[in-house]
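I opened this model to look up its enclosed spaces and then the pairing around one strand. My notes follow in the order I took them.

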Amino acid sequence: MASEETGVVYGTEDLLTSLCNSVIRVLNVATQSKVHYSAMVQRITKIGLKPDIGCFVLFDGGFSGLVVLNFDGDTALEIYEKYMLNMGMPKSELATSFTSDEVANILGELMNQIVGDFTGKIRRELQTNITQNQPKMLVLTKQVMLSVDTPLDRPELRRVSFFTEKNNIFYLELAIDRTEFIKLHDFDAHEVPDPDALLDMQQSSQKTDAAAPAAASEDDNAELLKSLGM
């Protein structure tokens with residue numbers, strides 16, 4: 001008889017929530033602004049790239065799926081500008097059109113960070129591994145609609161609306177194999193170590209190690225002087 005404590009701990013909506021949290025975590029830090037997503041999620045029947053900029057990433061491993069982000073031009077420019085200004089770039093040197101390669105490159109890099117954050121959480125919290133390919137960005141016209149097929153046996157498709165600080169909207173779409181993760185026993189989901197904290201710890205350790213021989217040397221000198229009656 002199975003333990004009553006054994007149950008589904010992660011399903012499609014949980015994975016979607018984790019992915020949405022990765023989106024706002026990365027964008028909030030990168031742009032130093034507040035991005036949030038709708039509390040309502042849509043079940044959809046088709047996933048694709050839509051104007052003005054579409055970006056997608058495939059992942060595989062413990063489970064397979066496809067993540068798409070669709071931006072209109074104003075949203076893409078807002079995120080790009082806030083990111084570059086936060087990096088210290090003067091506004092006069094920024095691209096002014098969403099069709100610029102620089103805008104697509106920055107959005108692709110942010111997409112890469114988002115999925116990287118998501119896959120890291122999957123390894124820690126679900127104890128499985130997924131790998132991702134490089135994000136692909138396409139600048140699309142109003143007349144183009146590109147659908148992306150994925151080799152999923154029982155696909156589940158969702159769409160979530162995101163809102164920027166200026167209330168511009170972009171959309172995340174997820175296609176994923178129907179999957180459930182069931183906890184067999186308790187375990188600790190280790191967080192990613194903070195690099196700054198590790199560096200501070202290492203520097204403190206080095207200072208302590210350097211101070212110890214100096215203190216020992218001072219004690220030896222004192223003993224020597226005492227033995228000489230000085």
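**Cavities**

I began with the lining of the second largest cavity: Thr31, Ser33, Val35, Glu78, Ile79, Lys82, Thr164 and Glu165. I am working from a predicted model, and I keep that in mind throughout.

I looked up the size next. About 30 Å³ of space lies in this second largest cavity. Which helix gives the largest share of its lining? Helix H2, residues 73–86, does, with three residues. I then sorted the lining by class. I got two nonpolar, three polar and three charged residues.

How many cavities of 30 Å³ or more are there? I count two.

I moved on to the largest cavity. Its volume is about 40 Å³. I listed its lining as Leu27, Leu69, Phe71, Ile79, Leu107, Leu110, Met111 and Ile114. Ile79 caught my eye: this residue is in the lining of the largest cavity and also in that of the second largest.

What classes of residue line the largest cavity? I found eight nonpolar, no polar and no charged residues. The second largest cavity, by contrast, has three polar and three charged residues in its lining.

I checked which elements contribute. Strand E5 (65–71) and helix H3 (101–126) each supply at least two residues of the largest cavity's lining. H3 gives the largest share, four residues.

**Strand pairing around E4**

E5 led me to its pairing with strand E4, residues 53–61. The two strands run antiparallel and share seven bridges. I noted Leu58 of this pair, which stands opposite Leu66 in E5. What joins E4 to E5? A hairpin does, through three residues.

I then followed E4 to its other pairings. With strand E7, residues 136–139, E4 pairs in the antiparallel sense over four bridges. Here I marked Phe56, opposite Lys136 in E7.

Strand E6, residues 130–132, also pairs with E4. How many bridges join them, and in which sense do they run? I read three bridges, antiparallel. Asp60 stands opposite Thr131 in E6.

I added one reminder for reading the sheet. In a regular strand, side chains alternate between the two faces of the sheet.

**Where I stopped**

E5 links my two topics. This strand supplies at least two residues to the lining of the largest cavity, and E5 also pairs with E4 over seven bridges. I closed the notebook there.

Note on methods
Residues numbered from 1 in each chain as written. Predicted model: local features only at pLDDT ≥ 70, side-chain atom pairs only at ≥ 80, totals over all residues. Heavy atoms only, no water. 1 Å grid on protein atoms, 1.4 Å probe; cavity = no way out; pocket = protein on both sides within 12 Å on 5 of 7 lines; lining within 4 Å. Points joined across faces, edges and corners; volume = space filled by probe spheres on them. Nonpolar A, V, L, I, M, F, W, Y, C, P; charged D, E, K, R; others polar. Pairing = 2+ DSSP bridges.
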